[in-house]
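Biologist: I would like to learn how to read a protein model. Could we go through it feature by feature?

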Amino acid sequence: MPAPVLCQSCGAGRAALRRPKTGQALCRACFVAAFEAEVHGTIVAARLFQPGETVAVGASGGKDSTVLAHLLHLLNERHGYGLRLLLLSVDEGIAGYRDDSLEAVRRNRGRLGLPLHVVSYQELYGWSMDRIVRHVGPKNNCTFCGVFRRQALDRGAALLGADKIATGHNADDVAETVLMNFLRGDVGRLRRCADILTGGEGALPRCKPLKHAYEKEIVLYAYFQGLDYFSTECIYSPNAYRGHARTLLKDLEAVRPSAVADLVHSGERLAVREDVRMPTQGTCQRCGYLSSQLLCKACVLLEGLNRGLPRLGIGKPSRMQKALTDAEEPEAGFQEGSQQSGKAVRTIDF
C-alpha cells in the first residue's frame, strides 16, 4: 500500500488535495491559509480598498459571492482594512431559482452579521425575468438580465451610499470573458474586461478580489470552511453564449492546465493599435447612466419591452437608437406583428 502523501507546505499533515492552480499537495489547513493569503495579497497589491470606504458586496447566494463575503469579512477584521461592508443582492424575478438563492444570502447575513439590501427588477423596471422570457423567448435572455443586473447593482449601491462594489468574479470568469470578447471581436470590452478595478469618471468603481482565484479552489475553500451556498444553475443560462465559451475553456484547460491563467494574463497585456476607434463614454440622454450611445442599453431594452418589441435592443446599435431619441415610431421593418404593450412606458431614473 503506497505511503500517504504529506503536505508540501508544513510537511506534517497528510495532503488533502493537489491544488489545481499550482499542483502543490497541501493539507486542509495549509490550503485554507494559502488561499486567504493570496486573496489578501491581491487586495493589497492592487490597492482595491481604502480605509473608511463603504463596500457593497454583490451577493447572489452562489459559491463565488459567498466566499467573497466570508473572506472580506474575515480579512477586514484580521488585517484592519477599515471597511464598512454591506451585502447587496439583485432579485431578477426567476421563480424557483432566485428566491431560493436569496434564502442562502439571508442565512449568510445572519452568520456574518452584515446588513443586506435587495433590489428587484420588478421595482426598478416594472418587469421580472420570468415575464421577460415569456415575451422574448428562449434566446437572448442573458442580454436582458446582464444589462439590467449591472445597472441594478449600481443603483442599489448608490442608494446605500457605497464607495465601491466588490463582485465575486474569479479567474475562470475573467478568462471566459476574454475569450468571449475575442470571439465576438468586441475590442472595447476586450480592452478592459481583465482589469481588476473598473469604473471611475462618474461610474461607481467595481473590483474583483477573487480575480486570480481558480473556480475549483473556490469550491474547495467553501467546502473546507463549511460555507452555506446555493449551487443550482440559473434555469435560463443553458442558452447563454457564455456557456459555449466555458465549455471551450474547460477543453483547453484539460490539455493545458495553465489555460485559465494564460488567458487572464493575455487580457491584461492586450494592446490596441492607436488607429483603432474606441467607444467614447458619455451618459444616457434618458436616465443619465453611463453609455457610449445616446441611450444606454437598459433604456433601449426597456423601451422595446414596453412597446411590445422585445428584440428592439438586441445586437449592435442601429438606427433604432435614433428613432427612440427622436421619439419616432419604429420603422415597419422592425415591428414584430401588431402587438403593443398597452401600458404606460416606464423609464429609468438613475
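Biologist: Are Arg-98 and Glu-92 buried or exposed?

Modeller: This is a predicted model, and in it Arg-98 and Glu-92 are both buried. They form a salt bridge with each other, in which the closest N and O atoms lie 2.5 Å apart.

Biologist: How many salt bridges does a search of the whole structure find?

Modeller: The search finds 22. One of them joins Arg-19 to Glu-217, with 2.6 Å between the closest N and O atoms. Arg-19 sits in the loop between strand 1 (17-18) and strand 2 (25-26), while Glu-217 belongs to helix 9 (residues 215-224). The two are 198 residues apart, and the pair links distant parts of the chain. Both Arg-19 and Glu-217 are buried.

Biologist: Which residue meets Asp-172 in a salt bridge?

Modeller: The partner is Lys-250, at 3.0 Å from N to O. This pair also links distant parts of the chain, with Asp-172 in helix 7 and Lys-250 in helix 10, 78 residues apart. Asp-172 counts as buried because its relative accessible area is 2%, and buried means under 20%. Lys-250 is partly exposed, because its relative accessibility is 28%.

Biologist: Which residues do salt bridges with shared partners join into one network?

Modeller: The network holds Lys-63, Asp-64, Asp-172, Glu-215, Lys-250 and Glu-253.

Biologist: Now the surface. Which residues make the nonpolar surface patch?

Modeller: The patch consists of Phe-182, Leu-183, Tyr-241, Leu-248 and Leu-252, and its area is about 480 Å². Helix 7 (171-184) and helix 10 (241-255) supply at least two residues each. Helix 10 gives the most, with 3 residues.

Biologist: Take Leu-248. Where is it found, and why is it called partly exposed?

Modeller: Leu-248 is found in helix 10. It is called partly exposed because its relative accessible area is 34%, and that class lies between the cut-offs of 20% and 50%.

Biologist: Next, a helix. Which residues of helix 11 (residues 259-269) are buried?

Modeller: Ala-259, Val-260, Leu-263, Val-264 and Gly-267 are buried there. Looking down the axis of helix 11, one sees these buried residues within an arc of 135 degrees, so they line one face of the helix.

Biologist: What covers the buried residues of helix 11?

Modeller: The cover includes helix 7 and helix 10. Those two helices also supply residues to the nonpolar patch, and the salt bridge between Asp-172 and Lys-250 links them.

Biologist: How do I read a single buried residue? Thr-42, for example: why does it count as buried?

Modeller: Thr-42 counts as buried because its relative accessibility is 13%. Its place is in helix 1 (residues 28-46). Leaving out residues up to four places away in sequence, Thr-42 touches Ile-196, Pro-209 and His-212.

Biologist: Finally, the whole chain. How many helices and strands does it have?

Modeller: There are 13 helices and 10 strands. The chain has 350 residues, of which 46% count as buried.

Biologist: What share of the contacts is between residues 24 or more positions apart?

Modeller: Among contacts with a separation of 6 or more, such pairs account for 69%.

Biologist: And what area does the chain expose?

Modeller: About 17600 Å² is exposed, and carbon and sulfur atoms supply 51% of it.

How values were computed. Residues are numbered from 1 along each chain as its sequence is written. This is a predicted model: local features need pLDDT of at least 70, side-chain atom pairs count only at pLDDT 80 or more; totals for chains, interfaces and linings use all residues. Side-chain values use heavy atoms; hydrogens and water are left out. Patches are made of residues with over 30% relative accessible area and no salt bridge: like charges are joined within 9 Å, nonpolar side chains (Val, Leu, Ile, Met, Phe, Trp, Tyr) within 5 Å. Accessible areas come from the Shrake-Rupley method with a 1.4 Å probe; for residues, only the protein chains shown count as cover. A salt bridge is a side-chain nitrogen of Lys or Arg within 4 Å of a carboxyl oxygen of Asp or Glu. Helices (H or I, at least four residues) and strands (E, at least two) are DSSP runs, numbered from the N terminus. Buried means under 20% relative accessible area, exposed over 50%, partly exposed in between (1.4 Å probe, protein chains only). Contact means heavy atoms within 4.5 Å. The arc is that of the directions from the helix axis to the C-beta atoms.
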